[in-house]
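Colleague: Could you show me how to read the backbone and the aromatic rings of a model such as this one?

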Amino acid sequence: WFTYTPGETSRYFAWYPKWKALIGFDGSYYSGVFTDNHFHYGYFIQAAALAGMAEPAFVTQYQGILTMIAKQYANWDRADSNFPFMRTFDPWMGHSYAGGVSSPTGNNQESTSEAMQSWHALFFLGAQLGNNAMRDAGAFGYMYESKATLEYWFNVYSDVWPASYNNARDVVGILWPGGYVYGTYFGIDPQWIHGIQMLPVSPGFHHFN
């Protein structure tokens, strides 16, 4: 994934200069139009950071491509014109959006747990690389996304959802700017609706404490 040899047809990243984007191939879940990029690429950053804890030379060797993958969803450097600033994060709403180029009902986010992973992965990798700006962006995103997650998806203070929803449900499956639904894109089984907010299990999920 972190190298490319001419002739390869999968497991590589390609640069799109007009879109200022780095896309992994083969794509999945419409990742080519930026859908779920922070979910997908957060796994790469998390896995690399964990591997680097055991073998620091690994992240040093691949820090160039790892930094680009991280910047695809969370470019913290306003001076880096190769990527838009914080592509998937909405600072006004305080959380990320996963819908890529959006949809008729507006952008949306389903898996808060994967969004949270993308931030603590960024923090871990930045700390290992000695990249304080990357580390601090991870801390910033973790703080804001965790607060928004608890407010909008879990209604921890019981002051966000209307009573009709609050009395019947205990989590939101998908959130849009103008609404929410108790469901997922792949089904309405309660274990899926809850699971998509809690997987993958990670020691970074201290916001649930």
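Colleague: Let us begin near the end of the chain: where is the place of Pro 200?

Modeller: Pro 200 is found in the segment after α7 (190-195), where helices (H or I, at least four residues) and strands (E, at least two) are DSSP runs numbered from the N terminus. Bear in mind that this is a predicted model, in which local features need pLDDT of at least 70 and side-chain atom pairs count only at pLDDT 80 or more, while totals for chains, interfaces and linings use all residues. Residues are numbered from 1 along each chain as its sequence is written, and side-chain values use heavy atoms, with hydrogens and water left out.

Colleague: Which residue is joined to Pro 200 by a cis peptide bond, and what is the usual state of a peptide bond?

Modeller: Most peptide bonds are trans, and most residues other than glycine have a negative phi. Leu 199 and Pro 200 are joined by a cis bond with omega about 0°. The bond from Phe 25 to Asp 26 is cis too, its omega being near 0°, and Asp 26 sits in the loop between β2 (21-25) and α1.

Colleague: Where does Lys 20 lie, and what is its phi?

Modeller: Lys 20 lies in the loop between β1 and β2 and has a positive phi of about 50°, although it is not a glycine. Tyr 30, in the loop between β2 and α1, likewise has a positive phi, near 65°.

Colleague: Is Tyr 30 buried or exposed?

Modeller: Buried means under 20% relative accessible area, exposed means over 50%, and partly exposed lies in between, using a 1.4 Å probe and protein chains only. Tyr 30, with a relative accessible area of 67%, is therefore exposed, whereas Lys 20 at 36% counts as partly exposed.

Colleague: How should I read helix α4, and how many of its residues are buried?

Modeller: The expected span is 1.5 Å times one less than the number of residues. For the 18 residues of α4 (residues 112-129) this gives 26 Å, and the end C-alpha atoms are 26 Å apart, which agrees. Of those 18 residues, 13 are buried, so α4 is largely enclosed by the rest of the structure. Just after α4, Gly 130 takes a positive phi of about 70°.

Colleague: How many aromatic pairs does a search of the whole structure find?

Modeller: A pair of aromatic rings is described by the distance of the centres and the angle of the planes. Rings of Phe, Tyr and Trp (its six-membered ring) pair if their centres lie within 6.5 Å, with planes under 30 degrees apart counted as stacked, over 60 as edge-to-face and the rest as tilted. The search finds 21 aromatic pairs. Among them, Trp 15 and Phe 83 have ring centres 5.2 Å apart and planes at 70°, so this pair is edge-to-face. Because Trp 15 belongs to strand β1 (residues 12-16) and Phe 83 to the loop between α3 (63-74) and β3 (89-90), the pair ties together parts 68 residues apart in sequence. Phe 83 is buried at 5%, while Trp 15 is partly exposed at 34%. Phe 186 and Trp 192, by contrast, form a tilted pair, 5.9 Å centre to centre with 50° between the planes; Phe 186 is partly exposed at 46%, as is Trp 192 at 37%.

Colleague: Which residues form one aromatic cluster?

Modeller: Trp 1, Phe 2, Phe 13, Tyr 41, Phe 44, Phe 58 and Tyr 62 do.
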